[in-house]
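Subject: Handing over the structure

Hi there,

Here is the structure I promised to pass on to you. Please open it next to this email, and my notes on what turned up follow below.

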Amino acid sequence: MYKRQLYDSLSTDRTVEIAKAHPNVTVVQRKFDNWGAHQNWGVQNIPFKHPWVLYVDADEVIEPALADDVRRAADPASTFSAFKMRRKDMFMGRWLKRAQMYPVWIVRLFRPAKIRYERLVNPIAIVDGPLGTLNGHIIHYPFSKGVEQWFERHNSYSSFEAQELLKVRAGKRQPTGKLFSRDANDRRAAMKDLYYRLPLRPQIKWFYYMLIRWAWLDGKPGIAYARMVYLYEYMATIKVMEARAKARGQPPA
């Protein structure tokens, strides 16, 4: 019987109960603190059966072309440490080609011992060794549970985002030297930190999506999504304002 492992963050629903009802399932538990630390603990402590791991979220689907690429790439004798691939985000039945940063390359096929994650939310994968490229796509359905759930999730994400922003503005990270790195993940991380330093970030994000990337070409879903991203950025900005006020001894009100 094929053995399976469940990595659970001390969930409070019936997830663990259901999993333990199956004799071929082993449950590994760790309290969730932030995405980067949680993923790092997983790749460092879970005993994987195979040398390669394909990381897919519950709201993502591997298209057939990518599945074929993964089968070919996941060779135990491969000299690569990881592979990056692209993702298509869907909203209201439409691919957000313009209203997203497509193509964004994400590392999802990797050797566990050769990867680590940085940042509290939307972690950046740091690969130790050669990084390959797969041409297929992951199809992402971020609104599979509705817009309300998206806002709830991004409210918590914005709290982590605010913590990262405070680190950058406090001079605790200096990524500018990586702006011209050959590694796409390094460049992305550097651009993100540079973006954190800009004033009027929510307005800049909306302007970029609508007037530079032409999000309106994705129709009403694209226009709506650009507004939602603006609100997300603004939530993080307000939380930074609150944290700075607390640091100065001002009351939260």
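A charge sits over a ring if NZ of Lys or CZ of Arg is within 6 Å of the ring centre and within 35 degrees of the ring normal. By that rule, the charged end of Arg108 sits over the ring of Tyr55, at 4.8 Å from its centre. Lys84 is placed in a similar way over the face of Trp105, with 5.5 Å to the ring centre. Before you go further, please keep in mind that this is a predicted model.

**Salt bridges**

Side chains of opposite charge can pair when their charged atoms come close. How many salt bridges does the structure have? The count comes to 12. Arg108, the residue over Tyr55, turns up here too: Arg108 belongs to a network of salt bridges together with Asp57, Glu60, Arg87 and Asp89.

Within that network, have a look at Arg87 and Glu60, whose side chains meet at 2.9 Å, N to O. Arg87 lies in strand S5 (residues 82-91) and Glu60 in strand S4 (residues 60-62), so this salt bridge ties together parts that are 27 residues apart in sequence. The two partners differ in exposure: Glu60 is buried, with a relative accessible area of 7%, while Arg87 is partly exposed at 25%.

Helix H3 (residues 64-73) offers another kind of salt bridge, with both partners in one helix. Asp68 and Arg71 meet there at 3.0 Å, N to O, and they are 3 residues apart, which puts about one helical turn between them. Asp68 is partly exposed, at 37% relative accessibility, and Arg71 is exposed at 61%.

Asp69 and Arg72 make a salt bridge as well, at 2.5 Å, N to O. They too are 3 residues apart in H3, or about one helical turn. Is Asp69 buried or exposed? Asp69 is buried, with a relative accessible area of 14%, whereas its partner Arg72 is exposed at 59%.

**The strands around S10**

Strand S10 covers residues 131-140, and 7 of its 10 residues are buried, so the rest of the structure largely encloses this strand. Which way does S10 run relative to its partners S4 and S5? With S4 the pairing is antiparallel, over 3 bridges; with S5 it is parallel, over 7 bridges.

Both ends of the Arg87 and Glu60 salt bridge also face S10 through their strands. Glu60 stands opposite His140 in S10, and Arg87 stands opposite Ile138 in S10.

**Aromatic residues**

The structure holds 13 aromatic pairs. One of them joins Trp52 and Phe83 in a tilted arrangement, with 5.6 Å from centre to centre and 45 degrees between the planes. Trp52 lies in the loop between helix H2 (35-45) and strand S3 (53-54), while Phe83 is in strand S5, so this pair ties together parts 31 residues apart in sequence. Both rings belong to buried residues: Trp52 has a relative accessible area of 9%, and Phe83 has 6%.

There is also an aromatic cluster, made up of Phe91, Phe143, Trp150, Phe151 and Tyr225.

**The S8 and S9 hairpin**

Strand S8 (residues 115-118) has two faces. Ile115 and Tyr117 are on the covered face, and Arg116 and Glu118 are on the uncovered one. S8 runs antiparallel to strand S9 (residues 124-127), with 4 bridges joining the two. One bridge partnership to check on screen is Glu118 with Ile124 in S9.

The two strands form a hairpin with 5 residues between them. If you like backbone angles, look at Arg119 in the turn, which has a positive phi of about 90 degrees.

**Gln39**

Finally, Gln39 is in helix H2 and is buried, with a relative accessible area of 13%. What does Gln39 touch beyond its neighbours within four places in sequence? Its contacts there are Tyr55, Tyr117 and Pro123. Two of these names have come up already: Tyr55 is the ring under Arg108, and Tyr117 is on the covered face of S8.

Happy browsing, and all the best!

Technical notes: Residues are numbered from 1 along each chain as its sequence is written. This is a predicted model: local features need pLDDT of at least 70, side-chain atom pairs count only at pLDDT 80 or more; totals for chains, interfaces and linings use all residues. Side-chain values use heavy atoms; hydrogens and water are left out. Buried means under 20% relative accessible area, exposed over 50%, partly exposed in between (1.4 Å probe, protein chains only). Two strands pair if DSSP finds at least two bridges between them. A salt bridge is a side-chain nitrogen of Lys or Arg within 4 Å of a carboxyl oxygen of Asp or Glu. Rings of Phe, Tyr and Trp (its six-membered ring) pair if their centres lie within 6.5 Å; planes under 30 degrees apart count as stacked, over 60 as edge-to-face and the rest as tilted. Contact means heavy atoms within 4.5 Å.
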